[in-house]
Amino acid sequence: MWIWTAFLAVFDDFTGVVYGEFSGMSDKTAFISTAIPYVNARPHIGFAMECVQTDCYARYLRLIGHDTFSLTGSDENSLKNVRAAEEEGITTRELCDRNTQMFYDLMDSLNMDMTDFIRTSSDRHIQGAQKLWSMCREEDIYKKHYSGWYCVGCEDFYTEKDCPDKKCPDHQTDLELVEEDNYFFKLSNYQDKILALIESEELRIVPNTKRNEILAFIKQEGGLTDFSISRSRKRAGDWGIPVPGDEDQVMYVWYDALANYITALDLENNGENFQKYWTNCDRRIHMIGKGINRFHSIYWPAMLMSAGIELPHEIFVHGYLTINGQKISKSLGNVIDPVIQVEKYGTDPIRYYLLRAVSPFEDGDYSEERFAEVYNADLANNLGNLARRVETMGSKAGHVPKNLPVGDAPEGYHEAMNDYRFHDALATLWRVASDLNTRIEEVKPWVLAKEDRHDEVAAFLDEMIAGLRLIGHYLVPFLPQTAENLANIFVADKPMEKGEALFMRLP
Ligand SMILES: [Zn+2]
């Protein structure tokens, strides 16, 4: 278990509400990343969920005192980008520059507190990826003539056994027969080591269902097969990262994309960030979607082992989002733009829905109808109404909040976060809010006020404010703006005034 008690003891020394980072309070370090998306299309709500989960966890790590490096970026060396640019009649570079901006905008719109954003077309990434290639043991990389069925959508090969009709099972598009000399990575060299790592939980895959899928894949008959890590420069449309020492080949997009996690930390120069937030880091965490688990739980650790670099400690795998119960797809025309949803409803309500109303582990659904239900019930009626009632009473009574420390997190909060159960952690805070609402009904402070029992009213308000501050403090990772707004209502030693409501009910 964690050393919560030590941190909580430190929290108790604080007076008043202290929001923000506790950097320097702990000698623990953490690294956390989103996967990097292809930039050939606009960001969709499923990626927004991954962003919010990652930002929430990064903010949580900071809240408990970890010096945390949080990373996101863009995957630009894909054949998809080359094809998309060709269709538009622009260069791949132009397409990437333009589309990457949409992912920067998404970060702003979701209020993500990221330390860095890495583009895989940047010099630091190109040089870092080439260094990683060169660091891999010579006996793990070999060249061979290869033919296979390729899906550009997946950027992956299929065997004839997998797809007898030569169509991608995911995209339903025709597979392309590819025949050329490629470099291969000798994955079979690492089969036993990876199995042991995952079974011992030295590499922890959350949730268990996703861990079991990986274990079954490793143990399948025939074991792990070597995978291609390059393609011809010609087939790549002259786009991608050249293989060191072989001008005719560029790296396979997955090999270079995975490297982003450490090229961003200055692997190239074995820089300070690389040493601090990777080599000597206490928690190295990747947040990914279920479709790319194999790349992260098998290929990536093997590449790192080959290069003699430390491995991630934890891989959190989320499910997919459907829209109104349907798979997100351009052809169905149901792609929901998260930036537009945020413009319509606000950042924190969207963050709340993605963290609370969707299971972190299973597939979930987004619909505006369900969003409105959750918003009204939890945000407007429960927390929002509670804060409003206390604010109204406090401003009428001319109450001055005291400078009191924030208490321990509600029972189950840290345990839920340790298991990436965002929804359960939020539920512990909402139980506190419900209890406070119940207390108001029981105590009936308006009766106390009518009878001029001012001391009792003040004591009751202190109790309410302490509860709301506790909620606000532990809400920071989830709804940072709401946490700040709450803090501004109950500023110590300042007479309370009535301001704007936290959440207006939706019609
Ligand atoms: Zn495909």
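Hi everyone. Let me start with a definition: a residue is buried under 20% relative accessible area, exposed over 50%, and partly exposed in between, with a 1.4 Å probe and protein chains only. By that scale, E343 is exposed, with a relative accessible area of 63%.

Now, what you have in front of you is a predicted model, where local features need pLDDT of at least 70 and side-chain atom pairs count only at pLDDT 80 or more, while totals for chains, interfaces and linings use all residues. Residues are numbered from 1 along each chain as its sequence is written, and side-chain values use heavy atoms, with hydrogens and water left out.

Back to E343, then. This residue is found in helix 12, residues 338-345. When I say helix or strand, I mean DSSP runs numbered from the N terminus: H or I with at least four residues for helices, E with at least two for strands. E343 and S109 are 234 residues apart in sequence, and 8.2 Å apart in space, C-alpha to C-alpha.

Let's move on to L110. Is L110 buried or exposed? L110 counts as buried, because its relative accessibility is 0%. You'll find L110 in the loop between helix 4 and strand 3, the latter being 116-119. Leaving aside residues up to four places away in sequence, L110 touches A48, C51, V52, V342, T347 and R351; contact here means heavy atoms within 4.5 Å. Take V52 from that list: L110 and V52 are 58 residues apart along the chain, and their C-alpha atoms are separated by 7.0 Å.

R351 comes up again with D55, which has its place in helix 2, residues 45-63. D55 also counts as buried, at 0% relative accessibility. So which partners does the D55 side chain have? Its side chain makes a polar contact with the side chain of R351, at 2.8 Å, and a polar atom of the D55 side chain lies 2.7 Å from the backbone nitrogen of D113. For the record, a polar contact is a pair of N or O atoms within 3.5 Å; within protein, one must be able to donate a hydrogen and the other to accept it, and residues adjacent in sequence count only if both atoms are side-chain atoms. With residues up to four places away set aside, D55 touches N111, M112, D113, M114 and R351.Next, the cysteines. How many disulfides does the structure hold? The structure holds zero disulfides, a disulfide being a pair of cysteine sulfur atoms within 2.5 Å. Take C56, which counts as buried at 0% relative accessibility. The closest cysteine sulfur to that of C56 is in C51, 13 Å away, and that is too far for a bond.

Other cysteines are busy with the metal. The zinc ion is coordinated by C151 (SG), C154 (SG), C168 (SG) and H171 (ND1), at 2.1 to 2.3 Å. Donors are N, O and S atoms within 2.8 Å of the metal, or 3.2 Å for Na, K and Ca; water is not among the atoms, so sites may look incomplete. Along the chain, the zinc donors follow the spacing C-x2-C-x13-C-x2-H. Why is the arrangement tetrahedral? Because the four donor atoms subtend angles of 102 to 114° around the zinc ion; the rule for four donors is that all angles lie between 85 and 135 degrees. Two of these donor residues, C151 at 1% relative accessible area and C154 at 15%, are buried.

C151 also brings us to the strands, as strand 4 covers residues 141-151. Strand 4 and strand 6, residues 176-185, pair in the antiparallel sense over ten bridges. Pairing here needs at least two bridges found by DSSP between the strands. Strand 4 is also joined to strand 5, residues 156-158, by three bridges, again antiparallel. W149 has a bridge partner in each: L177 in strand 6 and Y158 in strand 5. Four residues lie between the strands in the hairpin of strand 4 and strand 5, where E155 takes a positive phi near 50°.

One more sheet, an open one: three strands in the order 15-14-16, with mixed pairing. Its edge strands are strand 15 (326-327) and strand 16 (364-366), each pairing on one side only. Strand 14, residues 321-323, pairs with strand 15 in the antiparallel sense over two bridges, and I323 has Q326 as its bridge partner in strand 15.

Last stop, helix 3, residues 79-88, whose buried residues are L79, K80, N81, V82, A84 and A85. Helix 4 (92-109) and strand 9 (230-232) are among what covers them. At the start of helix 3, a side-chain oxygen of S78 reaches to within 2.9 Å of the backbone nitrogen of K80. After the helix comes G89, with a positive phi near 70°.

Thanks for listening, everyone!

Methods:
Four donors count as tetrahedral if all angles lie between 85 and 135 degrees; four count as square planar and six as octahedral if opposite donors are over 155 degrees apart and all others between 65 and 115; anything else is irregular.
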